[in-house]
Amino acid sequence: MKNFKKLLAVLLAGLMLLSLVACGGKADVAKFGVLHGDGMDLIMTSEHKAHMFKETELTGENINYSNLSTALMDLESGKLESVCVEKCVADYVVARNEKTTVVEDWNCVKTDFSMMTLDSKNDVYDILNNAIKAMKEDGTLDSLIENELKAYIESDPEAKDLPHFEGAKTIKVGVTGDVPPMDFVASNGKAAGFNIALLAEIANRAQVNIELVQIETGARAISLSSGKVDAVFWTKSVTCTVCGAEATEKIDGTLVTESYFSDYAARIELKDKK
């Protein structure tokens, strides 16, 4: 199985190196931070590498981090050239840290977000996927992206309370709390972000209860297979829109919903580099 986070890191590494060459950069190795996903092996074809590195002799070094805060600390200390994330995450960070800026020159790498469950939980899949499809069709999802996601990027609204329906089915969903504005822990200690707003809408539509379970990013698949959770947030695909390189992450015995959000890659850099 392909590892999206690692594929994204390699794609971004190549784009960074090409930008260094174009700007006359002298560094032979570009160091940047990337949040690791599930630690699976990367499958990269020679065609992908040829596009990213072309005919240069440069190499890129990605530093994997288990959480965003540590990566940002290393960025401020000068250990990293930049931190690679989705643009919404970069916008969130920069809105709260005046020392940083968003660089959007890697917007040819697109990530599609979805949810995943076991194929033995077909009822859970139907609830999640049907709700996402309906939200797309009636415009609710676009409204959530425009309003809820934007609000979480620009300010710190109170975390959405999930509805409760007496006697209804309960779906346990894993959240990591480390991908703002999608999924993070608010100042009051509650899980917050766009993903929580999405779950609230799904719960209301399907008349089900959603129970949030704190899990580590790298333990999503294990948490699912062990029964700790019924569903997790997952990366459906990572695509390089320039070279056509695409990876789809699918684990045997699982079902992945339609994508509920897509975003392009960006870099967080210091305004005044050390």
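The following is a short exchange about helices, strands and cores in a predicted model.

Guide: In this predicted model local features need pLDDT of at least 70, side-chain atom pairs count only at pLDDT 80 or more, and totals for chains, interfaces and linings use all residues. Residues are numbered from 1 along each chain as its sequence is written, and side-chain values use heavy atoms, with hydrogens and water left out.

Visitor: What makes strand β3 mostly covered?

Guide: Buried means under 20% relative accessible area, with exposed over 50% and partly exposed in between (1.4 Å probe, protein chains only). In β3 (residues 82-86), five of its five residues are buried. Strands (E, at least two residues) and helices (H or I, at least four) are DSSP runs, numbered from the N terminus.

Visitor: How do you know that β3 and β14 pair?

Guide: Two strands pair if DSSP finds at least two bridges between them. β3 and β14 (residues 261-270) have four, in the antiparallel sense. Val83 has Ile268 of β14 as its bridge partner.

Visitor: Which residues have the most contacts inside the largest nonpolar core?

Guide: They are Val83, Met115, Ile202 and Tyr260, in a core of 44 residues. Such a core is a set of buried Ala, Val, Leu, Ile, Met, Phe, Trp, Tyr and Cys residues joined through side-chain atoms within 4.5 Å. A second, separate core of ten residues includes Met116 and Val229.

Visitor: Why does the span of helix α5 agree with what is expected?

Guide: The expected span is 1.5 Å times one less than the number of residues. For the 16 residues of α5 (residues 122-137) that should be 22 Å, and the end C-alpha atoms are 22 Å apart, so the two agree.
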